Amino acid sequence: MADIITQLYEIPTFSFQDGTTLPLARLAYLDLNPGASKTALIITCFRGRLKSTPTFADGALRDHRIIVVALFGNGESSSPSNTPGFPSVINYRDCVRAQHELLIAHKVQSLNVVVGFSMGGQCAYHWTLMYPDLVQSAVVICSSARTGPHNYQFLEGPKAALQNAVDYIDKGRAPPPATGISRGVHAFGKAYSAWLTSAEWFDQQAYRSLGYAALGDWDCDVTGVNYAGWDPDDLLAMLHMWQSGDVSTLVDNEGGSEGGEGSLESALSRIRARVLLMPCQTDQYFRWEASKREAGFIPAATLKVIPSVWGHLAGSGVNKADAEWLDQAITEFFAK
């Protein structure tokens, strides 16, 4: 997608859930195959950029107009790193409301499908409840309707590693890193790395399929090079949104036990869209068992578990076999 132009949509006087109002908020997005009659919205994931996001444009979504939109905080849309006064606390509702304005500007009156991996999947869940008349179907990959306590606590590790780094605590005095990667961000990557895949993945030395001769070579890229250009406050803003992800907050004001299983069931039972849930059997934090429970609450849900040792990364498309499996599953979902 190197030749695809990243576009910016500007929203004047945008107010966030925490009460912050920006004079101008920006959404970065791609618009692929704009002449198609069907429309798909694809949302970026945590630490995802627009042009690294799988689009299924050559497969399951080949006959769709595909709008790929960057979450707030990813460094392409408005984020702490590029927007003065950007709130430190953001919510999926902020992202969905802004994305809705983008679609209105493009005269999109119906979404045939909303697709999201990881944080993008949590955002897709929010779409089904915030704009139920607009969304016909959703594809949620390695994600959940609510961030569970184990998932939340796992994120406390890399967050603490970043926040306690000397060049994050004393930003004003710390010299710019020669590599472009701060010590805090590098520590974040180290603390996160073993969670990306699975124990089986490491035992099988699956990093060799990516061209790495040794684990240390993989580690060098995944915990270092791949974080080049990532701002620590962008990571933290997105992390907070991930940790607070919970669709039950969209219905709590209408009754139900706030924050409990009852309110989550109530929220999911209101989803009118067809939903395809695709967790991975070895994902360590968006666990497939949670998706199975959620599928039981959604009136028109299909659950397909990705049979892979690639853990969370199975949903990212980095492994060719998993990417093909996902594309086939989405194709079959549309055929029903």
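Two strands pair if DSSP finds at least two bridges between them. The model used in these exercises is predicted.

**Exercise 1. Find how strands β6 and β7 pair, and over how many bridges.**

Solution.
- Locate the strands: β6 covers residues 137–141 and β7 covers residues 274–278.
- Count the bridges: there are 5.
- Read the sense: the pairing is parallel.
- Check one position: valine 139 stands opposite leucine 276 in β7.

**Exercise 2. Place these strands in their sheet and name the edge strands.**

Solution.
- Write the order of the 8 strands: β1-β2-β4-β3-β5-β6-β7-β8.
- Classify the sheet: it is open, with mixed pairing.
- Take the edges: β1 (7–15) and β8 (301–303) each pair on one side only.
- Add the turn: neighbouring strands are rotated by 20 degrees against each other on average, direction ignored.

**Exercise 3. State which strands helix α2 touches, and which strands α10 lies across.**

Solution.
- Start with α2: this helix packs on the sheet and touches β3 (38–43), β5 (113–117), β6 and β7.
- Give its direction: about 150 degrees to that of β5.
- Turn to α10 (residues 288–297): this helix lies across β7 and β8 and runs at about 155 degrees to β8.

**Exercise 4. Describe the packing of α1 and α2.**

Solution.
- Take the geometry: α1 (residues 92–105) and α2 (residues 119–130) pack at about 70 degrees, with axes 9 Å apart.
- Apply the cut-off: angles of 65 to 115 degrees count as roughly perpendicular, and α1 and α2 are therefore roughly perpendicular to each other.
- Assign the hand: the crossing is right-handed.
- List contact residues: among them are Tyr92, Val96 and Leu103 of α1, and Met119, Trp127 and Met130 of α2.
- Sort the contact residues: 8 are nonpolar, 4 polar and 2 charged.

Conventions: Residues numbered from 1 in each chain as written. Predicted model: local features only at pLDDT ≥ 70, side-chain atom pairs only at ≥ 80, totals over all residues. Heavy atoms only, no water. Axes fitted to C-alpha atoms, helices over the stretch in contact; angles between N-to-C directions. Helix = DSSP H or I, 4+ residues; strand = E, 2+ residues; numbered from the N terminus. Parallel < 35°, antiparallel > 145°, perpendicular 65-115°, else oblique. Left-handed = near helix turned anticlockwise from the far one by under 90°. Contact = heavy atoms within 4.5 Å. Nonpolar A, V, L, I, M, F, W, Y, C, P; charged D, E, K, R; others polar.
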